[in-house]
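Here's a quick briefing to keep open while you look around the model. Have a look at the fold and the ligand before reading on.

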Amino acid sequence: MAATHKRVLLLHGPNLNLLGTREPAIYGTATLADHVARAASAARDLGYDLDSEQTNDLGTLIGLVQHAGTRYAGLVLNAGAFTHFAWSLHDALKSVGLPVVEVHLSNPAAREPWRHESVIAPVALGTVAGFGGESYVLGVQALIKHLESR
Ligand code: DQA
């Protein structure tokens, strides 16, 4: 793969801008910037650049996914609560066709029943959930290993 394509995008959905103070017993005390820095370092170690965006707005997130189609080799996505109902986001990911790894800090399958369904999972390579900030690192590594193995 050409060097210019060695770029992945880490996307965060609603309320993830509040990490650090948001329900620390569930999500920990690291900020979004802390998680992004760790994820970028993991990508760099594997020879990739990582950009990151966060939005609380579903339409904006869909726009970012559409835009990513021609600019990135793949996506790592924590869609927050959009994970559980936003079929328009599912359709956007399917339309763009980029490899995507779904990540969550917590393990939604072990939480309230409404968190058990993911509309992202059917269009993702796989999911990393339940490892706190390590979920982002593992997700980035899994995506890049996938890209390099093609
Ligand atoms: C989350 C899990 C979702 O259920 C929740 O709505 C979030 C965060 C996680 O990273 O654990 O906002 O995606």
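What follows walks through a strand, the nonpolar cores, the ligand site and a few loop residues.

Keep in mind that this is a predicted model. A good place to start is strand 1 (residues 7-12), which is largely enclosed by the rest of the structure because five of its six residues are buried. Strand 1 also gives two or more residues to the largest nonpolar core, which has 25 residues.

**Strand 1 and its partners**

- Strand 1 runs parallel to strand 2 (residues 49-54), and six bridges join the two.
- Strand 3 (residues 74-78) is parallel to strand 1 as well, this time with five bridges.
- If you want one residue that links to both partners, try Val8: it stands opposite Leu50 in strand 2, and its bridge partner in strand 3 is Gly74.

**Nonpolar cores**

- Which residues have the most contacts inside the largest nonpolar core? They're Val8, Leu10, Leu50, Tyr136 and Val140.
- The elements that put two or more residues into this core are strand 1, helix 2 (32-45), strand 4 (100-104) and helix 5 (134-148).
- Apart from this core there's another one, made of 22 residues, including Leu64, Leu93, Leu98 and Ile120.
- Leu10 is worth a click: leaving aside neighbours within four places in sequence, its contacts are Val36, Ala39, Leu50, Asp51, Ser52, Glu53, Val76 and Tyr136.
- Two of the names on that contact list, Leu50 and Tyr136, are also among the residues with the most contacts inside the largest core.

**Ligand site**

- Around the ligand you'll find Arg22, Tyr27, Asn78, Gly80, Ala81, His84, His104, Leu105, Ser106 and Arg115.
- On the side-chain front, an N or O atom of Arg22 sits 3.1 Å from an oxygen atom of the ligand.
- Backbone atoms join in too: a polar one of Ala81 is 3.1 Å from a ligand oxygen, and an N or O of the Leu105 backbone is 2.8 Å from a ligand oxygen.
- How much of the ligand does the protein bury? Taken alone the ligand exposes 330 Å², and the protein buries 99% of that.

**Thr55, in the loop after strand 2**

- Thr55 belongs to the loop between strand 2 and helix 3 (58-68).
- Is Thr55 buried or exposed? Its relative accessibility is 8%, so Thr55 counts as buried, the cut-off being under 20%.
- Its side chain reaches the backbone nitrogen of Asp57 at 2.9 Å.
- Not counting residues up to four places away in sequence, Thr55 touches His12, Gly13, Pro14, Thr60, Leu61 and Leu64.
- Leu64, on that list of Thr55 contacts, is also one of the residues in the 22-residue core.

**Two positive phi values before helix 1**

- Asn15 is in the loop between strand 1 and helix 1 (24-27), and its phi is near 75°, a positive value in a residue other than glycine.
- With a relative accessible area of 36%, Asn15 is partly exposed.
- Glu23 is found in the loop between strand 1 and helix 1, with a positive phi of about 35° although it isn't a glycine.
- Glu23 has 41% relative accessibility, so Glu23 counts as partly exposed.

Notes: Residues are numbered from 1 along each chain as its sequence is written. This is a predicted model: local features need pLDDT of at least 70, side-chain atom pairs count only at pLDDT 80 or more; totals for chains, interfaces and linings use all residues. Side-chain values use heavy atoms; hydrogens and water are left out. Buried means under 20% relative accessible area, exposed over 50%, partly exposed in between (1.4 Å probe, protein chains only). Helices (H or I, at least four residues) and strands (E, at least two) are DSSP runs, numbered from the N terminus. Two strands pair if DSSP finds at least two bridges between them. A nonpolar core is a set of buried Ala, Val, Leu, Ile, Met, Phe, Trp, Tyr and Cys residues joined through side-chain atoms within 4.5 Å. Contact means heavy atoms within 4.5 Å. A residue is near a molecule or strand if one of its heavy atoms lies within 4 Å of it. A polar contact is a pair of N or O atoms within 3.5 Å; within protein, one must be able to donate a hydrogen and the other to accept it, and residues adjacent in sequence count only if both atoms are side-chain atoms. Accessible areas come from the Shrake-Rupley method with a 1.4 Å probe; for residues, only the protein chains shown count as cover.
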